[in-house]
Amino acid sequence: MRHRITGVDKDSIADELSIEPGSFLISINGEDIVDIVDYEQLCTAENLVVAIETPDGEIVEADIEKDMYEPLGINFADDLIGGVRSCKNRCIFCFIDQMARGGRKTLHVKDDDWRMSLIMGNYITLTNVDEREFERIIKRKASPLYISVHTMDGELRKLMMANPTADLIGERLERLKEAGIRFHCQVVLCPDINDGERLEYTLEKLSALYPAAQSVAIVPVGLTKHRDGLYPLRCQTREEAREAIAQTQAWQRKMRGLHGTSFAYAADEMYIKAGLEIPPQELYEDYPQLENGVGLLRKLESEMNEALKYKKPLKRRLTLDAVTGESAKEFLGGAFARLKEYNIHVNVHGVRNSFLGESVTVAGLVTAGDIVDQLGGRLNGDAVIIPESMMRENDDIFLDGVRLGELEAALNKNVRALCPSDGDILIEELFAMAR
C-alpha cells in the first residue's frame, strides 16, 4: 500500500533526505504499511530501508541509521493513515441509534476501530476484524486493547450485536492472552438479556483470562426516548441494580483473594440507581475504568479534598451555580459542601434531559437547551460552572448544536466549563475564578 506524504517536519530525518510533500511512502524494511500502527512500530528500529515514490513517479530507497524511537518526521493526510473503520453491528442497545435527529453530525458516526482502541482507549467489539487483520493485531502486539464484551455466551452475543461473527469473542480473547496482549472489558447490562446468571457466566469466563483481562466494567444500559422500531429494552430497576452490584462485589472479593485486584467494577451510575454509597477510593486501585464512569465521582472528591489541604479561605465570597445531570447532583452537592469553609458557595442544579429522555441522567449528555429551559432566570451566583464533558472535546458546542457563547447570552451569565475528572485541577480552576 502507498500512502501520500503531505509534509515533513523541519530538521527531521525526512527533511535531511529531501523527501517532498506529494511523495508516497511505499514500504519500510520491505514491509507494506497498512496504517499508523505498522508505521510507528517499524520506525522504532535503528536501521531502516525506506522506499519512497517521488512526485514524478521514481522509486528511491533510503538507508537510514538513527536512534531507536527517533521519528522520521513524515506527515500523512490523516492520523491513522487509512481512515477510521466503522461498526458493522446493529447492537440492540446501541446509543447512537437512539440519538435525536439534529445536533452534532459526529454524534451519528459509529466507529469500531482497534487502532483507536490502542491509541485512544476507545472500546471495540472485534466483529469487523477478519482473520488476517486479527493476526496483525497479534503481530504488532497491540496492547492494551479495550473490548466491548457484553457477554461471553457466543449465541447471546450474536443476538445482542446482530452480527454472525460476534460469537468468536471467547476464542479471540484466549488468543490475545496467549500472545501476551492485555485488555480491559466492558459489559453494557441489559435487564432480562445479559444480567443475572448470564452476567455471572461472563464474569467467570473473563476472570479466568486474568491477567490478560485486566478489568471489566459493568455499566447500566442507557435508553433514550428515541427508540421507535428498535429492540424492546427497559432500564434497570433499583433492585436489579443492587443485584448486579452484589454480583460484582462477590467477584471483587474473590479476585482480591486470588490475585490482589478488584478486577470487576460497577459504574457509578449503577450505585446511584441502586441508592447505594459509591465505594471508597482504595477499591478502585488505579482507576482502570474511568471512561466507563467507574469511580469517577469518588476520584474527583478525594482529589478535591487533597487539594484543599493547601488552600486558604478566599477573602471575598464567591457564589457559583453548578449545572450537572440528575444522577450526580446529590454526590456533587456533598463534595462541594466542603468549599463553604473556603468562602466558596456552590448551588448544585440537576438538569432533566428532555432532549434525549428523562431516563438519561449523566452530565455529559445535558444540552444547552435544557439548561436554558429549566434554569433560565433561576441562577443567582457570580457565575455558572459546567463540566467540560457537556461539550464536544476541544470545542465549545453542546449535544444540541448550541455553542457556549449562545448559552451565556441566553442565561445572561458567565459560564465556565471546568475539568470534571481531576479534582486538583478543578480546585485550581475554582480558586482562580476569585482572582
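Let me start with one pair of residues: Ile-218 stands opposite Ala-266, and that alanine belongs to strand S10. I should say at once that what we have in front of us is a predicted model, and that everything I describe this morning is computed from it.

The pair I opened with belongs to the contact between two strands, since S9, residues 213-220, and S10 pair in the parallel sense over three bridges. Helix H8, residues 238-259, packs on this sheet, where it touches strand S8 (183-189) as well as S9 and S10, and its direction makes about 155 degrees with that of S10. If we step back to the whole arrangement, four strands form an open sheet in the order S7-S8-S9-S10, and the pairing is parallel. At the edges sit strand S7 (145-148) and strand S10 (264-266), each of which pairs on one side only, and the twist from one strand to the next averages 20 degrees.

Around this sheet there are three places where the backbone deserves a second look. As background, most residues other than glycine have a negative phi, and most peptide bonds are trans. Ser-143 and Pro-144, however, are joined by a cis peptide bond with omega at about 0 degrees, and Pro-144 is found in the loop between H4 and S7. A cis peptide bond also joins Tyr-210 and Pro-211, here with omega at about 5 degrees, and Pro-211 is found in the loop between helix H7 (197-207) and S9. The third place is Phe-263, which is not a glycine and yet has a positive phi of about 70 degrees; this phenylalanine is found in the loop between H8 and S10.

Let me move on to the other open sheet, which has four strands in the order S12-S11-S13-S14, with parallel pairing. Its edge strands are S12 (344-351) and S14 (415-418), each pairing on one side only, and here the twist averages 30 degrees from one strand to the next. Strand S11, residues 318-325, is joined to S12 by eight bridges, and the two run parallel; within that pairing, Leu-318 has Ile-344 of S12 as its bridge partner. Two helices should be mentioned alongside these strands. Helix H11, residues 329-337, lies across S11 and S12 and runs at about 180 degrees to S12, whereas helix H12, residues 368-375, packs on the sheet by touching S11 and S12, with its direction making about 110 degrees with that of S12.

Turning now to the beginning of the chain, strand S1 (residues 3-8) and strand S2 (residues 24-28) pair in the antiparallel sense over two bridges, and the bridge partner of His-3 in S2 is Leu-25. S1 is also joined to S6 by three bridges, and these strands run antiparallel, with Phe-76 in S6 as the bridge partner of Ile-5.

That phenylalanine comes back when we look at aromatic rings, for which the count comes to six aromatic pairs. One of them is formed by Tyr-39 and Phe-76, an edge-to-face pair with 5.2 Å centre to centre and 80 degrees between the planes. This pair links distant parts of the chain, given that Tyr-39 lies in helix H2 (residues 36-42) and Phe-76 in strand S6 (residues 74-76), 37 residues apart.

I will finish with the empty space. Which residues line the second largest pocket? The lining consists of Met-1, Glu-31, Asp-32, Val-34, Asp-38, Arg-132, Glu-133, Arg-136, Lys-139 and Arg-140, and the pocket has a volume of about 240 Å³. By character, this lining divides into two nonpolar residues, no polar ones and eight charged ones. Strand S3 (31-32) and helix H4 (131-139) each supply at least two of the lining residues, and H4 gives the most, with four.

As for enclosed space, the structure holds one cavity of 30 Å³ or more, and the volume of the largest cavity is about 40 Å³. Its lining is made up of Thr-125, Leu-126, Thr-127, Arg-157, Thr-165, Ala-166, Leu-168, Ile-169 and Arg-172, a set that divides into four nonpolar, three polar and two charged residues.

Key
Residues numbered from 1 in each chain as written. Predicted model: local features only at pLDDT ≥ 70, side-chain atom pairs only at ≥ 80, totals over all residues. Heavy atoms only, no water. 1 Å grid on protein atoms, 1.4 Å probe; cavity = no way out; pocket = protein on both sides within 12 Å on 5 of 7 lines; lining within 4 Å. Points joined across faces, edges and corners; volume = space filled by probe spheres on them. Nonpolar A, V, L, I, M, F, W, Y, C, P; charged D, E, K, R; others polar. Pairing = 2+ DSSP bridges. Axes fitted to C-alpha atoms, helices over the stretch in contact; angles between N-to-C directions. Contact = heavy atoms within 4.5 Å. Phe/Tyr/Trp six-rings, centres within 6.5 Å; stacked < 30°, edge-to-face > 60°.
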